[in-house]
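Biologist: I have not seen this structure before. Please show it, and then I will ask about it.

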Amino acid sequence: PSAQNSAAASGYWVLGIDGGVFAFGSAPFYGSMTGKLNGASAIAIAATNSGNGYYVLTSTGGLFTFGDAQVYGSMGGTPLNAPIIGMATTPSGNGYWLLAKDGGVFSFGDAQFYGSTGGMRLNAPILSMATAPKGNGYWLIGRDGGVFSFNVPFYGSIPGIGLCKPPVGT
């Protein structure tokens, strides 16, 4: 978990592709989506800022909350150009961004939209995002080492030079 003074400070959760959540250490179990995803795959779990809850995200953009996690919206049921691959919470804990494989960014709650690569022709799919410490921007990271900055400084990237190898399964 990314929170201080949290119930899960000495533990963590592991998410199964079927939506099962496994709690280790002092991380409390708040529930899971095992057998309830209707063909979708669980792809990410994110702790709330307090550590007293978590979000379970699916590739179809569905978002499920447990413990003190709050729903601010999701892409579930919305036709998408590319599957959802990840999420990041805001520093306040009152919002989050959902990230699609094409770099589409969807903002909910107090998460601000600063731009995306959705609709752009990319050399490689987007793998992840990193948010600025204050939540006032983000970077998108491509499988080829390309970095796209939105309302944050661009420090460089390494696409096409052979240093990046895609993780297994991407």
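Modeller: What follows is a set of questions and answers on the strands, the core, one residue and the ring pairs.

Modeller: This is a predicted model, in which local features need pLDDT of at least 70, side-chain atom pairs count only at pLDDT 80 or more, and totals for chains, interfaces and linings use all residues. Residues are numbered from 1 along each chain as its sequence is written, and side-chain values use heavy atoms, with hydrogens and water left out.

Biologist: How many helices and strands are there in the protein?

Modeller: Helices (H or I, at least four residues) and strands (E, at least two) are DSSP runs, numbered from the N terminus. Read along the sequence, the pattern is β-β-β-β-β-β-β-β-β-β-β. The count is zero helices and eleven strands.

Biologist: What percentage of the residues count as buried?

Modeller: Buried means under 20% relative accessible area, exposed over 50%, and partly exposed in between (1.4 Å probe, protein chains only). Of the 170 residues of the protein, the buried share is 41%.

Biologist: Which strand supplies the largest share of the largest nonpolar core?

Modeller: A nonpolar core is a set of buried Ala, Val, Leu, Ile, Met, Phe, Trp, Tyr and Cys residues joined through side-chain atoms within 4.5 Å. The largest one has 14 residues, and Tyr55, Leu57, Leu63, Ile84, Met87, Tyr96 and Leu98 touch the most other members. At least two residues each come from strand 3 (42-47), strand 4, strand 6 (84-89) and strand 7 (95-100). The largest share, three residues, comes from strand 7.

Biologist: Which strands stand at the edges of the open sheet of three strands?

Modeller: Two strands pair if DSSP finds at least two bridges between them. The sheet has the order 6-7-8 with antiparallel pairing. One side of each edge strand is left without a neighbour in the sheet, because each has a single partner strand; these are strand 6 and strand 8 (105-109).

Biologist: Which residue in strand 8 stands opposite leucine 98?

Modeller: Strand 7 and strand 8 pair in the antiparallel sense over five bridges. Opposite leucine 98 stands phenylalanine 106.

Biologist: Is threonine 58 buried or exposed?

Modeller: Threonine 58 lies in strand 4 (residues 53-58). Leaving aside neighbours within four places in sequence, threonine 58 is in contact (heavy atoms within 4.5 Å) with Leu37, Ala40, Ser41, Ala42, Ile43, Phe64 and Ile84. The relative accessible area of threonine 58 is 2%, so this residue is buried.

Biologist: How many aromatic pairs are there?

Modeller: Rings of Phe, Tyr and Trp (its six-membered ring) pair if their centres lie within 6.5 Å; planes under 30 degrees apart count as stacked, over 60 as edge-to-face and the rest as tilted. By this rule the aromatic pairs number ten.

Biologist: Are the rings of tyrosine 12 and phenylalanine 24 stacked or tilted?

Modeller: Tyrosine 12 lies in strand 1 (residues 11-15) and phenylalanine 24 in strand 2 (residues 21-25), so the pair ties together parts that are twelve residues apart in sequence. The ring centres are 5.4 Å apart and the planes stand at 25 degrees, so the pair is stacked.

Biologist: Why does the pair of tryptophan 13 and tyrosine 54 count as it does?

Modeller: Tryptophan 13 and tyrosine 54 are both buried. Tryptophan 13 is in strand 1 and tyrosine 54 in strand 4, so the pair ties together parts that are 41 residues apart in sequence. Their ring centres are 4.8 Å apart with the planes at 55 degrees, so the pair is tilted.
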